[in-house]
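User: I've got a model open and would like to talk through a few of its features. Can you take my questions one at a time?

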Amino acid sequence: MVRFKFNGIENTNQYEELIKVFLQPGEYEISASEAEYIYEYTGDKDAVKRRLYSDLAALTGKRPKWGILTGIRPVKLAGELQKSCTHPAEVLQKDYYLHDSKAALTKEILDYQRAVCGAPEEGSMSVYIGIPFCPTRCLYCSFTSNQVGESEIIRYLEALHKEIEACGAMLRQDGKKHPIESVYFGGGTPTTLSAEQLDALLTHTAKFFDLSKIREYTVEAGRPDTITKDKSDVLLSHGVDRISINPQTMKQRTLELIGRKHTVEDVYKAFEIAKACGVPTINTDLIAGLPEETHEDFLQNLQEILKLGADNITLHTLAVKRASKLKELDENFNYKDELLREMMLRDAHEILRSEGYRPYYLYRQKHTSGNTENTGFCKDDKASIYNVRIMEEAQTILALGAGGISKVYYPEKNRLERIANVSNYEIYIQRIDEMIERKRTGGITEC
Ligand code: SF4
């Protein structure tokens, strides 16, 4: 057991996050008295982290490539550094101890997303609408995902329609212009809804929000078995131009292991339907590090998705979080095969680049194995604006539905204020008036 002590620091969370990159729970302790490693706070958090990183590197022999960064938005940090220096990648290496490959990737993504997406228009916002239902619950899921009958979905949609109407009215009353740049239906799996329910929901959205300036309209259709021609036609008729078909793997055995209850064949069918209907952009998520998958399996999954012609491919590393079944089954899953996951991603990046895809957004997650990152790739500059804005944190996000977390952006202070909806869908329905009131008092229109 290695003990660490931080003098003059009350909240040691961010330092502990860095320790966790090197050591597993049970191998260290944050101590209030005796300790082998003692740090004095002198007004510079990063200086403490640099010393901590050096000590941990010497202790373990590891040199994690994201250096002292434990936050989820390295590209945002690079953008902030760029305001005051000409070579942010060098600062990321020197002051944040990033490996040169990570510093270069971060800078590359910053430049590319700025070139393709530009800066958000002043006062503009993105709208997120959550549908917290899926056909089954994945083994690793920690999101608001429920498996319910039709009557519950109907009750939820009634509440959601009410929230859409009220928020639309708030934006109109305010008198200022709030052009909506992107709309994103996520979840859960929005295409769990029937074609009629989707039609009513998207009609309602267009009725109460001004979508005349919209640049991107995404609906997640994560589970391939929920996509039908009727639903695709409905989405396209409302201007949806991006959907997500997210099998996470193309190996049947893994699909069964993670509790997806759909087949690889369903993925081919979903692509066929979406392409035949003319969906302009299809995103696909893949996860590195799923149970029992080898390096070859993962690259084979990627090759299958490339053959299907996805426009966006997002590579995730499995992050096992507290609310998931997998965490209950295997407490230490995140610490296994770290090197393997790193190699999977390294080789997948190479393949994607050789196929003409470019990385356009990146975020890091806590609890990922191998201290890696999630990276979105796109072909033909089809970068998702919504994904970029979420990571930039320089635009208001109005988030509706259970689990939606709105973020109001105050440009003069470059600050975000959060307004959270409850994540339990039943409580959301019961307290819908309060969810609406939170947005009014939280100043959702003050951007
Ligand atoms: S599809 Fe996504 S939201 Fe639904 S259960 Fe699986 S991980 Fe959770």
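User: Let's begin with the overall layout. How far apart do the C-alpha centres of domain 1 and domain 3 lie?

Analyst: Keep in mind that this is a predicted model. The protein is split into domain 1 (1-63), domain 2 (65-117) and domain 3 (119-397). Between the C-alpha centres of domain 1 and domain 3, the separation is 36 Å.

User: Now the ligand. How do the residues of the shell around it divide into nonpolar, polar and charged?

Analyst: The residues around the ligand include Cys 134, Cys 138, Cys 141 and Phe 143, along with Arg 137 and Arg 223. Also there are Ser 145, Thr 189, Gly 187, Gly 188 and Gly 222. Cys counts as nonpolar and Gly as polar in this scheme. The split is therefore four nonpolar, five polar and two charged.

User: What is the omega of the peptide bond from Gly 187 to Gly 188?

Analyst: Both glycines are among the residues around the ligand. Gly 188 sits in the loop between strand 5 (180-187) and helix 7 (195-208). The bond joining Gly 187 to Gly 188 is cis, with omega near 15 degrees.

User: Is Glu 163 buried or exposed?

Analyst: Glu 163 is part of helix 6 (residues 150-173). Leaving out residues up to four places away in sequence, Glu 163 touches Leu 400, Ile 432, Met 435 and Ile 436. It takes 20 or more other C-beta atoms within 10 Å to call a residue buried. Glu 163 has 21, so the verdict is buried.

User: And how far is the C-alpha of Glu 163 from that of Gly 187?

Analyst: Along the chain, Glu 163 and Gly 187 are 24 residues apart. In space, their C-alpha atoms are separated by 16 Å.

User: Over to the loop between strand 11 and helix 14. Is Asp 381 buried or exposed?

Analyst: Asp 380 is in the loop between strand 11 (374-378) and helix 14 (385-392), and Asp 381 lies there too. Each has a positive phi despite not being glycine: near 55 degrees for Asp 380 and near 60 degrees for Asp 381. Asp 380 has 10 other C-beta atoms within 10 Å, so Asp 380 is exposed. Asp 381 has 11, and because the cut-off for that class is 12 or fewer, Asp 381 is likewise exposed.

User: Last one: which residue in the turn between strand 13 and strand 14 has a positive phi?

Analyst: Strand 13 (residues 405-410) and strand 14 (residues 415-420) pair in the antiparallel sense over six bridges, with Ser 406 opposite Ile 419. They make a hairpin with four residues between the strands. The turn residue with a positive phi, about 50 degrees, is Asn 414.

Methods:
Residues are numbered from 1 along each chain as its sequence is written. This is a predicted model: local features need pLDDT of at least 70, side-chain atom pairs count only at pLDDT 80 or more; totals for chains, interfaces and linings use all residues. A residue is near a molecule or strand if its C-beta atom, placed from the backbone, lies within 6 Å of it. Domain bounds come from an automatic or database domain assignment. Helices (H or I, at least four residues) and strands (E, at least two) are DSSP runs, numbered from the N terminus. Two strands pair if DSSP finds at least two bridges between them. Two residues are in contact if their C-beta atoms, placed from the backbone, lie within 7 Å.
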